[in-house]
Number of protein chains: 2
Amino acid sequence: MKVVRWDHEGQRFSAEKMQKVGLFSSPLFFLDLYCLEPGQSQKPHAHEGSDKIYLVTQGQGRFQVGSEEQPLSAGEAVMASSGELHGILNDSNNRLVVLTLMVPPPS
Amino acid sequence: MKVVRWDHEGQRFSAEKMQKVGLFSSPLFFLDLYCLEPGQSQKPHAHEGSDKIYLVTQGQGRFQVGSEEQPLSAGEAVMASSGELHGILNDSNNRLVVLTLMVPPPS
């Protein structure tokens with residue numbers, strides 16, 4: 001059995017841009033850790049036919065789903081359904097880590 | 001935007017059996033919190049055509065995937081691919097919480 005670390009041991013940051021650490025994937029989905037230094041972002045975008053879930057595991061940031069924006073902290077989660085705009089901005093002074101699920105993965 | 005708590009605020013336990021707290025679902029997947037008191041379990045079983053991921057968020061327990069069994073703690077995760085046996089036993093003295101993804105959900 002392959003054991004994967006999804007806590008601090010699995011995190012990877014870069015001063016250049018948000019890092020995506022792949023945890024698990026199959027033809028049906030992917031599950032990543034998104035690691036954002038202060039000021040980094042995932043620009044709002046949408047996927048037709050795919051649902052996406054953001055679960056904040058560490059820190060806090062500003063999340064957009066559809067036309068709404070809201071601050072979220074560790075322990076909170078939101079879903080962007082197929083076709084809905086979604087994005088992240090780490091507007092805090094600390095690292096932000098987001099467990100991110102996409103079903104199905106982009107083709 | 002609907003914000004869901006997946007930390008201790010989202011947990012629910014019962015002395016009777018393991019509790020499944022639904023966080024998000026669609027026709028494509030479900031994402032639950034499995035909450036196990038000491039001694040509680042999810043008996044080994046398999047789903048043809050669905051992948052399942054267990055991510056331990058709190059405590060520790062004994063996990064089976066295929067013919068292997070292993071102790072896992074908070075911050076660790078495993079995947080059972082389509083058709084593979086999988087199960088959980090909370091053989092510890094503390095509560096065990098597991099973020100559980102199934103893609104696609106059972107039909």
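**Exercise 1. Sort the residues lining the largest cavity into nonpolar, polar and charged.**

Step 1: Get the classes straight. Ala, Val, Leu, Ile, Met, Phe, Trp, Tyr, Cys and Pro count as nonpolar, Asp, Glu, Lys and Arg as charged, and the others, Gly among them, as polar.

Step 2: Find the lining. It consists of L31(A), L55(A), L99(A), L101(A), L31(B), L55(B), L99(B) and L101(B). The elements giving two or more residues to this lining are β10 of chain A and β10 of chain B. (Strands are DSSP runs of E, at least two residues, numbered from the N terminus.)

Step 3: Sort. You get 8 nonpolar, no polar and no charged residues.

Step 4: Check the space. The largest cavity holds about 30 Å³. On a 1 Å grid over the protein atoms alone, a cavity is a set of points where a 1.4 Å probe fits but cannot get out, while a pocket is an open set with protein on both sides within 12 Å along at least five of seven lines; lining residues have an atom within 4 Å of a point. Grid points are joined across faces, edges and corners, and the volume is the space filled by probe spheres set on them.

A quick word on the model: it is predicted, so local features need pLDDT of at least 70 and side-chain atom pairs pLDDT 80 or more, while totals for chains, interfaces and linings use all residues. Residues are numbered from 1 along each chain as its sequence is written, chains are lettered from A and ligands numbered from 1 in the order written, and side-chain values use heavy atoms, without hydrogens and water.

**Exercise 2. Describe the largest pocket and its lining.**

Step 1: Volume first: about 240 Å³.

Step 2: Count the lining. There are 16 residues, and W6(A), T57(A), W6(B), V56(B) and T57(B) lie nearest the centre.

Step 3: Ask who contributes. β5(B) gives the largest share, 3 residues.

Step 4: Split by class: 4 nonpolar, 10 polar and 2 charged.

**Exercise 3. Decide whether V97(B) is buried or exposed, and list what it touches.**

Step 1: Locate V97(B): strand β10 of chain B.

Step 2: Apply the cut-offs. Buried means under 20% relative accessible area, exposed over 50%, partly exposed in between (1.4 Å probe, protein chains only). V97(B) has 0% relative accessibility, so it counts as buried.

Step 3: List contacts (heavy atoms within 4.5 Å). Leaving out residues up to four places away in sequence, V97(B) touches Q11(B), F13(B), L33(B), Y34(B), C35(B), L55(B), V56(B), T57(B) and Q58(B).

Step 4: Pick out Q11(B). It sits 86 residues from V97(B) along the chain, yet their C-alpha atoms are 7.9 Å apart.

**Exercise 4. Work out where S50(B) sits and which backbone oxygen lies 2.6 Å from its side chain.**

Step 1: S50(B) is in the loop between β4 (41-45) and β5 of chain B.

Step 2: Its relative accessibility is 7%, so S50(B) counts as buried.

Step 3: The oxygen belongs to P104(B), at 2.6 Å from a polar atom of the S50(B) side chain.

Step 4: Now look at P104(B) itself, in the segment after β10 (96-103) of chain B. The peptide bond from V103(B) to P104(B) is cis, with omega near -15°. In chain A, a cis bond joins V103(A) and P104(A), with omega about -15°. For background, most peptide bonds are trans.

Methods:
Helix = DSSP H or I, 4+ residues; strand = E, 2+ residues; numbered from the N terminus. Polar contact = N/O pair within 3.5 Å; in protein donor to acceptor, adjacent residues only side chain to side chain.
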